[in-house]
Amino acid sequence: MTKAVSTRLTILQKALTLIYRQGYGMTSIDTILATTQLTKGAFFYHFRNKEEMGLALIQELIKPAMEEAFVKPLAKSSQPTQAIYTMMKQLLLKDPFFEVQYGCPAVNLASELSAANEPLHQALLEVMRQCQQAVQSSIERGQATGQIRPELQADQAADFILVGYSGIRNLGKLFGRSCYQTYLRELKRYLQTLT
């Protein structure tokens, strides 16, 4: 990895950590630089402004992470309802990056920026649509193999599951990890109704 690539990655990783913990609006370029020991010149060599950095953060860190966490586990499975449940359990209880008190970075950014910044909104929408599509495709595969009721609206079920994930991540900030267990029990019960 070249020094320039390493510097860019360092900026994005530090920015992600700070934005995850304190929000996009509360995280300034100066704050990011203070944690990296880099100069403003280094920052502006890689990004014209904070928005460009935010787009890169979504496209280069958040999107691949969500692909790894949401898309890949569902794409490989021949048992869709079990795969959806296992994926959610992994995200909520076992993922080492997510901290309960801070929720989910993608969900947080969507909440904070959806009406404030159109380019960032569109980038986040693409990430969330990819997650929604992964769940929907998994359900449709289950329908094709007779594991899930054929009359079920796969897109609506996927939306419901994704909304549940987003909501429980936000509630976890207030109620702590115990609400994840409640959500997982109810998710399992819901998924059983799909068969």
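Start by selecting V127, which touches I58, I62, K63 and M66 once residues up to four places away in sequence are set aside; contact here means heavy atoms within 4.5 Å. V127 sits in helix α7, where helices (H or I, at least four residues) and strands (E, at least two) are DSSP runs, numbered from the N terminus. V127 is buried, because its relative accessibility is 1%; buried means under 20% relative accessible area, exposed over 50% and partly exposed in between, with a 1.4 Å probe and protein chains only. Now put a distance on V127 and L61: C-alpha to C-alpha they are 11 Å apart in space, though 66 residues apart in sequence.

Before going on, a word on what you have loaded. This is a predicted model, so local features need pLDDT of at least 70 and side-chain atom pairs count only at pLDDT 80 or more, while totals for chains, interfaces and linings use all residues. Residues are numbered from 1 along each chain as its sequence is written, and side-chain values use heavy atoms, with hydrogens and water left out.

**Zoom out**

Show the whole chain as a cartoon. You'll find nine helices and zero strands. The C-alpha trace spans about 60 × 35 × 30 Å along its principal axes. Of the 195 residues, 44% count as buried. Take the contacts between residues at least 6 apart in sequence: 69% of them join residues at least 24 apart.

**Select 49-75: helix α4**

Helix α4 covers residues 50-75. Begin at its N-terminal end, which N49 caps: a side-chain oxygen of N49 lies 3.2 Å from the backbone nitrogen of E51. That pair is a polar contact, meaning N or O atoms within 3.5 Å; within protein, one must be able to donate a hydrogen and the other to accept it, and residues adjacent in sequence count only if both atoms are side-chain atoms. Now slide along to E67, where α4 bends by about 35 degrees. The bend is the angle between axes fitted to the seven residues ending at a residue and the seven starting there.

**Add 105-113: helix α6**

With α6 (residues 105-113) switched on, look at how the pair crosses: the axes of α4 and α6 come within 10 Å and cross at roughly 130 degrees. That angle makes α4 oblique to α6. Axes are lines fitted to C-alpha atoms, for helices over the stretch in contact, and angles run from 0 to 180 degrees between N-to-C directions. Under 35 degrees counts as roughly parallel, over 145 as roughly antiparallel, 65 to 115 as roughly perpendicular and the rest as oblique.

Which residues of α4 and α6 meet? Show sticks for L57, I58, I62 and M66 on the α4 side, and for P105, A106 and L109 on the α6 side. This contact has seven nonpolar residues, no polar and no charged ones. For the classes, Ala, Val, Leu, Ile, Met, Phe, Trp, Tyr, Cys and Pro count as nonpolar, Asp, Glu, Lys and Arg as charged, and the others, Gly among them, as polar.

**Swap to 80-94 and 118-144: α5 against α7**

Next, set helix α5 (residues 80-94) beside α7: they pack at an angle of about 155 degrees, with axes 8 Å apart. That makes α5 roughly antiparallel to α7. P80, I84 and M87 of α5 make the contact with V135, S138, I139 and G142 of α7. By class, that gives five nonpolar, two polar and no charged residues.

Stay on α7 (residues 118-144) and pick Q136. Is Q136 buried or exposed? Buried, with a relative accessible area of 13%. Neighbours within four places in sequence aside, Q136 is in contact with A154, D155 and A158.

**Finish near the N terminus**

Click T7 in helix α1 (residues 3-22). T7 is buried at 13% relative accessible area. Residues up to four places away in sequence aside, T7 touches L38, A42 and H46.

Then go to T35 in helix α2, which is partly exposed at 33% relative accessibility. Its contacts beyond four places in sequence are K14 and L18. Also check the backbone oxygen of I32, which lies 2.7 Å from a polar atom of the T35 side chain.

Last stop: Q37, in the loop between α2 (29-36) and α3 (40-46). Q37 is exposed, with a relative accessible area of 71%. Its phi is near 65 degrees, a positive value in a residue other than glycine.
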